[in-house]
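Thanks for making time this morning. I'd like to walk you through one model, piece by piece. Have a look at it first.

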Amino acid sequence: MPKNNNYGVLLPPDKNMSIKLSSKVTAIPGTHITEINQSAVALNLNNENYYGLNSTAFQMYQALITSNNIEQALAMLKDNFLIPEEELKSDLLELIKELELNGLIKLS
């Protein structure tokens, strides 16, 4: 059964994905992001679903899409969040899994 997480993204059951920090994150064609008051709505035209991203998830999404890889996005984000780096990394990897499972991004 799908569950909701802290980022407002609906996700299916966990599928034990392994993510390399050297991976590049790109938006999947057919995905449209609209910013609304520092948050965002992501529309996936491929499956006709939309997803809400709170301000934290949206900031992470922007860093991932504009960076050369996940490690660079993490370095950008650690200046913006006052939490331990390992916690930030864990949260970022969780978001990546959810975005990928929902067809909003791909890793290469």
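**N44 and its surroundings**

Let's start with N44, which is buried at 3% relative accessibility. Keep in mind that this is a predicted model. N44 belongs to strand β5.

What does the side chain of N44 reach at 2.8 Å? The partner is the backbone nitrogen of N46. There is a second polar contact. A polar atom of the N44 side chain lies 2.9 Å from the backbone oxygen of G103. Now the wider neighbourhood. Setting aside neighbours within four places in sequence, N44 is in contact with G30, N49, Y51, N102, G103 and L104.

Hold on to G103, please. G103 sits just after helix α3 and takes a positive phi of about 70 degrees.

Next, the sheet. Which strands make it up, and in what order? The sheet is open, with three strands in the order β4-β5-β6, and the pairing is antiparallel. At the edges are β4 and β6, residues 49-53, and each of these pairs on one side only. From one strand to the next, the twist averages 20 degrees.

Let's look at one pair in that sheet. Strand β5 covers residues 39-44, and six bridges join β4 to β5. Across that pair, T34 stands opposite V41 in β5.

Something also lies over the sheet. Helix α1, residues 55-66, lies across β4, β5 and β6. The helix runs at about 105 degrees to β6.

Two threonines next. The first is T31, in strand β4, which spans residues 31-36. Is T31 buried or exposed? Its relative accessible area is 13%, and the cut-off for buried is under 20%, so T31 counts as buried. A polar atom of its side chain lies 3.0 Å from the backbone oxygen of I28. Leaving out residues up to four places away in sequence, T31 touches L43, G103 and L104. So G103 comes back here, as a contact of T31 and as a contact of N44.

The other threonine is T26, in strand β3, residues 25-27. T26 is partly exposed, at 24% relative accessibility. Beyond four places in sequence, T26 touches I65, L104, I105 and K106. L104 is a name you have heard already, among the contacts of T31. Here is a distance to note. T26 and S67 are 41 residues apart along the chain, and their C-alpha atoms are separated by 9.4 Å.

Now helix α3. It takes in residues 85-101, 17 residues in total. From first C-alpha to last, α3 reaches 24 Å, close to the 24 Å expected at 1.5 Å a residue. Which residues of α3 are buried? They are L88, L92, L93, L95, I96, E98 and L99.

Last item, salt bridges. How many are there? The count comes to one. E85 forms a salt bridge with K78, and their closest N and O atoms are 3.8 Å apart. E85 is partly exposed, at 41% relative accessibility. K78 is partly exposed too, with a relative accessible area of 39%.

To recap with one residue: N44 is buried, and its side chain has polar contacts with the backbone nitrogen of N46 and the backbone oxygen of G103. That's my tour. Over to you.

Terms used:
Residues numbered from 1 in each chain as written. Predicted model: local features only at pLDDT ≥ 70, side-chain atom pairs only at ≥ 80, totals over all residues. Heavy atoms only, no water. Helix = DSSP H or I, 4+ residues; strand = E, 2+ residues; numbered from the N terminus. Buried < 20%, exposed > 50% of the residue type's maximum accessible area, 1.4 Å probe, protein only. Polar contact = N/O pair within 3.5 Å; in protein donor to acceptor, adjacent residues only side chain to side chain. Contact = heavy atoms within 4.5 Å. Expected span 1.5 Å × (residues − 1). Salt bridge = Lys/Arg side-chain N within 4 Å of Asp/Glu carboxyl O. Pairing = 2+ DSSP bridges. Axes fitted to C-alpha atoms, helices over the stretch in contact; angles between N-to-C directions.
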